Amino acid sequence: MSGIDPRDLRDACGSFATGVTVISTRTADGDHGMTANAFMSVSLDPPLITISLDHKSRMREKVRASGRYAVNILSHEMEGLAMHFAGRHDPAHADPFIERDGLPVVPGASTVFLTEVVQEVEAGDHTLFIGRVTEIERDLSAKPLLFCGGKFGALAS
Ligand SMILES: Cc1cc2nc3c(=O)[nH]c(=O)nc-3n(C[C@H](O)[C@H](O)[C@H](O)COP(=O)(O)O)c2cc1C
């Protein structure tokens with residue numbers, strides 16, 4: 001026991017403003033997406049990024065099974081999609097993906113990274129999946145969706 005209340009830690013970390021992503025992958029069971037803001041660049045050469053997946057998430061086993069994932073950085077009008085992939089299923093988003101190089105990706109995302117998993121790091125109740133970036137797609141006109149203090153937002157300008 002650390003003496004730190006998990007809810008206090010979550011709320012404190014939640015005061016760090018981030019963008020919002022949907023992690024997506026494909027297994028024999030089909031395509032799966034999950035909203036995540038624990039996304040970070042790791043290395044430029046070689047090109048590495050990481051995500052952090054809760055042991056309780058279905059996505060963790062799916063990324064393990066596929067060995068690949070995409071990170072889709074959401075644009076500001078995609079709050080509904082973020083909620084859909086955070087467990088609030090919405091039939092309006094029943095068919096949310098298109099395919100890129102064998103992975104499902106979100107059309108209209110501001111940036112998409114395709115990756116192959118090169119390292120898994122067990123860290124408490126989460127697993128870090130470090131991915132080598134194999135492809136990047138960007139829409140330079142898109143404005144990002146933001147998340148801070150449990151609320152979604154957008155840049156002022
Ligand atoms: C803004 C936001 C960010 C989130 N970030 C993460 C994250 O980085 N890692 C994680 O494991 N869950 C994160 N979650 C929670 C998952 O999206 C949620 O538990 C989801 O329902 C898990 O889906 P799955 O079990 O179908 O894979 C986040 C939720 C929200 C709304």
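These are my notebook entries on a predicted model, taken topic by topic.

**Entry 1. The ligand shell**

I began with the ligand and listed what lies around it. The shell holds 15 residues, and the closest are A36, A38, D54, M59 and G87. I then looked up which elements supply it: β3 (30–36), β5 (48–54) and α2 (58–66) each give two or more residues. By residue class, I noted eight nonpolar, five polar and two charged residues in this shell.

**Entry 2. Helix α2**

Since α2 contributes to the ligand shell, I looked at the helix next. I found M59, K62 and V63 buried in α2. Viewed down the helix axis, the buried residues fall within an arc of 100°, so they line one face of α2. I noted the general background too: an α-helix has 3.6 residues a turn, so residues three or four places apart point the same way. I then asked what covers the buried residues of α2. The cover includes β2 (21–27), β3, β5, β6 (68–73), β9 and β10. M59 thus appears twice in my notes, among the closest residues to the ligand and among the buried residues of α2. Just after the helix comes G67, with a positive phi near 70°.

**Entry 3. The largest nonpolar core**

I looked up the largest nonpolar core and found 27 residues in it. V22, I23, I51, Y69, A70, V71 and L74 have the most contacts inside this core. Two or more residues come from each of β2, β3, β5, α2, β6, β8 (103–105), β9 and β11. β6 gives the largest share, four residues. As general background, nonpolar side chains tend to be buried together in soluble globular proteins.

I picked I23 for a closer look. Setting aside neighbours within four places in sequence, I23 is in contact with G33, M34, A36, I51, M59, Y69 and V71. Of these partners, A36 and M59 are also listed among the closest residues to the ligand.

**Entry 4. Strands β5, β9 and β10**

I went through the pairing around β10 (residues 126–138). β5 and β10 run antiparallel and are joined by seven bridges. Within that pairing, I49 has G131 of β10 as its bridge partner. β9 (residues 111–123) also runs antiparallel to β10, with twelve bridges between them. Here T115 stands opposite V133 in β10. The hairpin of β9 and β10 has two residues between the strands, and G124 in this hairpin takes a positive phi near 60°.

I then checked one residue of β10, I130. Is I130 buried, exposed or partly exposed? I counted 17 other C-beta atoms within 10 Å of I130, which makes I130 partly exposed. Beyond neighbours within four places in sequence, the contacts of I130 are V42, L48, T50, V118, Q119 and V121. I also looked up a separation along the chain: I130 and A17 are 113 residues apart, and their C-alpha atoms are separated by 22 Å.

**Entry 5. The three-stranded sheet**

I noted an open sheet of three strands, ordered β1-β11-β12, with antiparallel pairing. β1 (18–19) and β12 (151–154) each have a single partner strand and stand at the edges, so one side of each is left without a neighbour in the sheet. β11 (residues 145–148) and β12 run antiparallel and are joined by four bridges. In this pairing, C148 stands opposite K151, while L146 has G153 as its bridge partner. Two residues lie between the strands in the hairpin of β11 and β12, where G149 has a positive phi near 60°.

**Entry 6. Backbone exceptions**

I kept one general point in mind here: most residues other than glycine have a negative phi, and most peptide bonds are trans. Where did I find a cis peptide bond? The cis bond joins D45 and P46, with omega about 10°. P46 is in the loop between β4 (39–43) and β5.

D101 is not a glycine, yet its phi is positive, about 50°. I placed D101 in the loop between β7 (98–100) and β8. With 10 other C-beta atoms within 10 Å, D101 is exposed, and the cut-off for that class is 12 or fewer.

Definitions and conventions:
Residues numbered from 1 in each chain as written. Predicted model: local features only at pLDDT ≥ 70, side-chain atom pairs only at ≥ 80, totals over all residues. Pairing = 2+ DSSP bridges. Near = placed C-beta within 6 Å. Nonpolar A, V, L, I, M, F, W, Y, C, P; charged D, E, K, R; others polar. Buried ≥ 20, exposed ≤ 12 C-beta atoms within 10 Å, placed from the backbone. Arc of directions from axis to C-beta. Contact = placed C-beta atoms within 7 Å. Core = buried A, V, L, I, M, F, W, Y, C linked by C-beta atoms within 7 Å.
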